[in-house]
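Colleague: I'm new to this one and would like a close look at a single part of it. Could you pick one residue, start there, and then work outwards until I have a picture of the whole thing?

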Amino acid sequence: MDFNVKKLASDAGVFFSRAMQFTEEKLGQAEKTELDAHFENLLARADCTKNWTEKILRQTEVLLQPNPSARVEEFLYEKLDRKVPSRVTNGELLAQYMTEAANDFGPGTPYGKTLIKVGETQRRLGAAERDFIHSASINFLTPLRNFLEGDWRTISKERRILQNRRLDLDACKARLKKAKAAEAKAAAEHELRLTQTEFDRQAEVTRLLLEGISSTHVNHLRCLHEFVESQTNYYAQCYQYMLDLQKQLGSSKGEIFSGTFVGNAESTSPPAATSPPAVAAATLPAVPTIPVVPTIVGVPNTVAESVLNPNEVKPPASGTRKARVLYDYEAADSTELALLADEMITVYSLPGMDPDWLIGERGNQKGKVPVTYLELLS
């Protein structure tokens, strides 16, 4: 008990001495041992590394998981050393809704078929997103987090010890200056030598840790390359999935609309051969009539386009443009023009055409082409 009291009193004395030295330094009433320029540069570099690592880590977490509630949940599971429950991605949830809707509307209907196709693509996108998040968490977030929670904590601890050793050293220097008696000076000099040795030893330990920041940068650089590679693979997968979906929808677009609206028009009209008015009309003088085509706002007039023969169309005197083909396109019928990626064609529009389509010409070949497959140049 006596030893503990003495130790407590000694620790209190050291703390008081450091507090006095720190206060006098702030007030400009005491001298301060300055570290060399190289050491100060190492300290500044370490602080800069820590600050930017924190910001990059936090923003990458936001990129991978935009939902703040989900991030908090994952953080709590991690701190409790429990496995984070598997979470359905937004793409997978959208795929589920589309599939269920297609089953209700009828998987054999044009809308139901398209919902199934789009839903399957969304499911694949969601799975790719899940793989990307998992890869980025392991190869990028974990090393950054390990640095902040491991190496940086060690550096911070040793820096605090170095700060205390410096305060002890400067306090001893102050006591030596104030000592008058020879015996007091001798004791102060002995204490100064001990504190100087401890300070030098701690400064060397801290310096080695700070110089290790270079290795940290090399490690983080490698992790950054892995992050970019996984992100590139993710976006490449997404691009390929959407390109495949676009081709599927583009090739079946005319068939879907034509089958829907032409079929409806025919089903609501009685057969001409059995219609008495039609027989009577055959004996009357021919009267020019305008055919009535059912149209819906936002849906192209596919009946009018189905009778359009692009080979008989003359290009307008003005309004033609050059276009570069972005993707391969397989013509759905004889009215369309097959395309090859990166080739150059001439395109123009005709009155009454669906704005999603243009007439394309390549030499003597001519046909309809989808706008989404083109980059208009002039």
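Modeller: Let's start at Ala127, which lies in helix 5. Keep in mind that this is a predicted model. Is Ala127 buried, exposed or something in between? With a relative accessible area of 25%, Ala127 counts as partly exposed, because the buried class ends at under 20% and the exposed class begins at over 50%. Now look for Val88. In sequence, Ala127 and Val88 are 39 residues apart, yet from C-alpha to C-alpha the gap in space is 9.2 Å.

Ala127 also takes part in a helix contact. Helix 4, residues 90-105, packs against helix 5 at an angle of about 165°, and their axes are 7 Å apart. An angle over 145° counts as roughly antiparallel, so that is the label for helix 4 and helix 5. As helix 4 passes helix 5, the crossing is left-handed. Which residues meet here? From helix 4 come Gly91, Glu92, Leu94, Ala95, Met98, Ala101, Ala102 and Phe105. On the helix 5 side, the residues they meet include Tyr111, Leu115, Ile116, Val118, Gln122 and Arg123, along with our Ala127 and, a little further on, Arg130. Three glycines of helix 5 are there too: Gly112, Gly119 and Gly126. Sorted by class, the contact of helix 4 with helix 5 has 11 nonpolar residues, five polar ones and three charged ones.

Now follow helix 5 to its other partner. Helix 5 covers residues 110-178, and its axis comes within 8 Å of the axis of helix 6, crossing at roughly 160°. Helix 5 and helix 6 are therefore roughly antiparallel to each other, and this crossing is left-handed. The residues in the contact of helix 5 with helix 6 break down into 13 nonpolar, five polar and 11 charged.

Helix 6 in turn leads us to helix 2. Helix 2 spans residues 37-64 and helix 6 spans residues 182-211; their axes come within 9 Å and cross at roughly 50°. What does that angle make them? Helix 2 and helix 6 are oblique to each other, because roughly 50° is neither under 35° nor in the range from 65° to 115°. The crossing of helix 2 and helix 6 is left-handed. From helix 2, the residues His38, Phe39, Leu42, Leu43 and Ala46 meet Ala203, Thr206, Arg207, Leu210 and Glu211 of helix 6. By class, the contact of helix 2 with helix 6 holds six nonpolar, two polar and two charged residues.

That's the helical side of the tour, so let's move on to the strands. Along the sequence, the pattern reads α-α-α-α-α-α-α-α-α-β-β-β-β-β, with nine helices and five strands in the protein. The five strands form an open sheet in the order 4-3-2-1-5, paired in antiparallel fashion. Strand 4 (365-370) and strand 5 (374-376) are the edges: each has a single partner strand, so one side of each is left without a neighbour in the sheet. From one strand to the next, the twist averages 40°.

Take the strand 4 edge. Strand 3, residues 357-362, is joined to strand 4 by six bridges, and the two run antiparallel. Within this pair, Glu361 stands opposite Lys366, and Gly360 has Gly367 as its bridge partner. Strand 3 and strand 4 make a hairpin with two residues between them, and Gly363 in the turn has a positive phi of about 65°. Is strand 4 mostly enclosed or open? Five of its six residues are buried, so strand 4 is largely enclosed by the rest of the structure.

Over at strand 1, residues 321-325, four bridges lead to strand 2, residues 344-348, again antiparallel. Arg324 stands opposite Met344 of strand 2 there. Strand 1 is also joined to strand 5, by three bridges and antiparallel, with Val325 and Leu374 as bridge partners.

Finally, step back to the whole chain. Of the 378 residues in the protein, 29% count as buried. Among contacts with a separation of 6 or more, 69% come from residues 24 or more positions apart.

How values were computed. Residues are numbered from 1 along each chain as its sequence is written. This is a predicted model: local features need pLDDT of at least 70, side-chain atom pairs count only at pLDDT 80 or more; totals for chains, interfaces and linings use all residues. Side-chain values use heavy atoms; hydrogens and water are left out. Two strands pair if DSSP finds at least two bridges between them. Axes are lines fitted to C-alpha atoms, for helices over the stretch in contact, and angles run from 0 to 180 degrees between N-to-C directions. A crossing is left-handed if the near helix is turned anticlockwise from the far one by less than a right angle, and right-handed if clockwise. Contact means heavy atoms within 4.5 Å. Ala, Val, Leu, Ile, Met, Phe, Trp, Tyr, Cys and Pro count as nonpolar, Asp, Glu, Lys and Arg as charged, and the others, Gly among them, as polar. Buried means under 20% relative accessible area, exposed over 50%, partly exposed in between (1.4 Å probe, protein chains only).
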